[in-house]
Amino acid sequence: MIDATVDGKFFKSIGLGLKTHNIPVLPPTKDHSLEIAERDGELDFGSTYGARLINLECVIMADDTTLDYHRRVAQVAALFNAKKGDIVFKFSDLPGRRYIGRYAGTLDIEKILWDGELTIPIKMGEHPFPESDENIKEVIITQSPQAVSVISTGDERASPIIVLTNIGNNDIRNFRIANEYQVE
């Protein structure tokens with residue numbers, strides 16, 4: 001079983017075991033094109049990524065009572081309630097990554113004795129790429145020039161947001177910010 005958390009709560013704490021997760025390599029693309037009458041081909045405006053769908057293959061592990069089984073099912077339903085909106089998922093076999101999505105589908109449970117097998121569909125809509133666990137380090141710049149490293153191991157290239165605040169009494173003159181990041 002894979003250790004997993006949803007909004008910081010371990011699956012196993014509610015008797016849920018994650019057997020596998022089906023995470024596509026990339027989200028599906030949405031092509032933006034336009035066909036014009038009496039003209040060959042089409043105008044291509046490029047493409048963007050759509051929502052990424054993840055399926056979590058799980059098993060509900062209950063004690064030897066029907067009452068415990070139904071309690072576990074209720075806990076799973078509460079944890080993945082679509083009304084909660086986006087929730088954060090972490091998987092032990094994908095360290096340093098956070099997946100943000102919401103429950104989107106149906107929870108059909110195939111009951112086997114005291115356990116149940118189910119697939120939990122997750123839709124990563126607004127955030128179709130995983131985010132990295134960020135290491136934030138506050139730095140006080142005491143001299144100029146000074147280099148500050150910002151490290152990110154996310155899957156999608158993104159620029160950090162840097163906020164500079166003058167907490168001293170002196171005005172800062174001849175201040176320059178330069179982005180020396182090179183795209184290969």
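Helices and strands here are DSSP runs, a helix having at least four residues and a strand at least two, and they are numbered from the N terminus. With that in hand, welcome to this predicted model.

## The overall layout

Reading from the N terminus, the elements follow the order β-β-β-β-β-β-α-β-β-β-β-β. That amounts to one helix and eleven strands. The protein has 184 residues, and 24% of them count as buried. Its exposed area is about 13,800 Å², with carbon and sulfur atoms supplying 50%. Contacts often reach across the sequence: among those between residues at least 6 apart, 59% join residues at least 24 apart.

## Strand β7 and its neighbours

A good place to start looking is strand β7, which covers residues 87-91. In a regular strand, side chains alternate between the two faces of the sheet. Here, Ile-87, Phe-89 and Phe-91 point to one face and are buried. Val-88 and Lys-90 point to the other face and are not buried.

Strand β7 has a partner in β1 (residues 4-6), and these two run antiparallel, joined by three bridges. Within this pairing, Val-6 has Phe-89 as its bridge partner. Strand β7 also pairs with β8 (residues 97-103), again in the antiparallel sense and over three bridges. There, Ile-87 stands opposite Gly-101. The hairpin of β7 and β8 has five residues between its strands, and Gly-96 in this hairpin takes a positive phi near 80°.

Now for two phenylalanines of β7. Phe-89 has a relative accessible area of 2%, so it counts as buried. Beyond its sequence neighbours up to four places away, Phe-89 touches residues including Thr-5, Val-6, Leu-56, Phe-80, Tyr-99 and Ile-122. Although Phe-89 and Asp-7 are 82 residues apart along the chain, their C-alpha atoms are separated by 6.5 Å.

Phe-91 is buried too, with a relative accessible area of 4%. Among the residues that Phe-91 touches, leaving out those up to four places away in sequence, are Asp-3, Ala-4, Leu-18, His-21, Ile-23 and Leu-56. From C-alpha to C-alpha, Phe-91 and Val-6 are 9.1 Å apart, while 85 residues separate them in sequence.

## Two buried residues with polar contacts

His-21, one of the residues touched by Phe-91, belongs to strand β3 (residues 16-22). Is His-21 buried or exposed? Its relative accessible area is 18%, and because buried means under 20%, His-21 counts as buried. The side chain of His-21 makes a polar contact of 2.9 Å with the side chain of Asp-93. Outside the four places on either side in sequence, His-21 also touches Ile-2, Asn-55, Leu-56, Phe-91 and Leu-94.

Arg-52 lies in strand β6 (residues 52-60). This arginine is buried, at 3% relative accessible area. What lies 2.8 Å from a polar atom of the Arg-52 side chain? It is the backbone oxygen of Pro-128. The contacts of Arg-52, not counting residues up to four places away, include Ile-23, Pro-24, Val-25 and Leu-26, along with Ile-122, Lys-123, Met-124, Phe-129 and Pro-130.

## Out on the surface

Leu-26, one of the residues touched by Arg-52, sits in the loop between β3 and β4 (29-34). With 45% relative accessibility, Leu-26 counts as partly exposed. Together with Val-25 and Tyr-49, Leu-26 forms a nonpolar surface patch with about 330 Å² of accessible area.

The model also has three salt bridges, listed here with their N to O distances.

| Salt bridge | N to O distance |
|---|---|
| Lys-12 and Asp-3 | 3.8 Å |
| Lys-19 and Glu-117 | 3.5 Å |
| Arg-98 and Glu-131 | 3.2 Å |

In the pair of Arg-98 and Glu-131, distant parts of the chain are linked: Arg-98 is in strand β8 and Glu-131 in strand β11 (residues 131-132), 33 residues apart. Arg-98 is partly exposed at 26% relative accessible area, and Glu-131 is partly exposed at 29%.

Lys-19 forms its salt bridge with Glu-117. This pair also links distant parts of the chain, with Lys-19 in strand β3 and Glu-117 in strand β10 (residues 115-124), 98 residues apart. Lys-19 is partly exposed at 35%, as is Glu-117 at 31%.

For the remaining pair, Lys-12 counts as exposed at 54% relative accessibility, whereas Asp-3 counts as partly exposed at 38%.

Technical notes:
Residues are numbered from 1 along each chain as its sequence is written. This is a predicted model: local features need pLDDT of at least 70, side-chain atom pairs count only at pLDDT 80 or more; totals for chains, interfaces and linings use all residues. Side-chain values use heavy atoms; hydrogens and water are left out. Buried means under 20% relative accessible area, exposed over 50%, partly exposed in between (1.4 Å probe, protein chains only). Two strands pair if DSSP finds at least two bridges between them. A polar contact is a pair of N or O atoms within 3.5 Å; within protein, one must be able to donate a hydrogen and the other to accept it, and residues adjacent in sequence count only if both atoms are side-chain atoms. Contact means heavy atoms within 4.5 Å. Accessible areas come from the Shrake-Rupley method with a 1.4 Å probe; for residues, only the protein chains shown count as cover. Patches are made of residues with over 30% relative accessible area and no salt bridge: like charges are joined within 9 Å, nonpolar side chains (Val, Leu, Ile, Met, Phe, Trp, Tyr) within 5 Å. A salt bridge is a side-chain nitrogen of Lys or Arg within 4 Å of a carboxyl oxygen of Asp or Glu.
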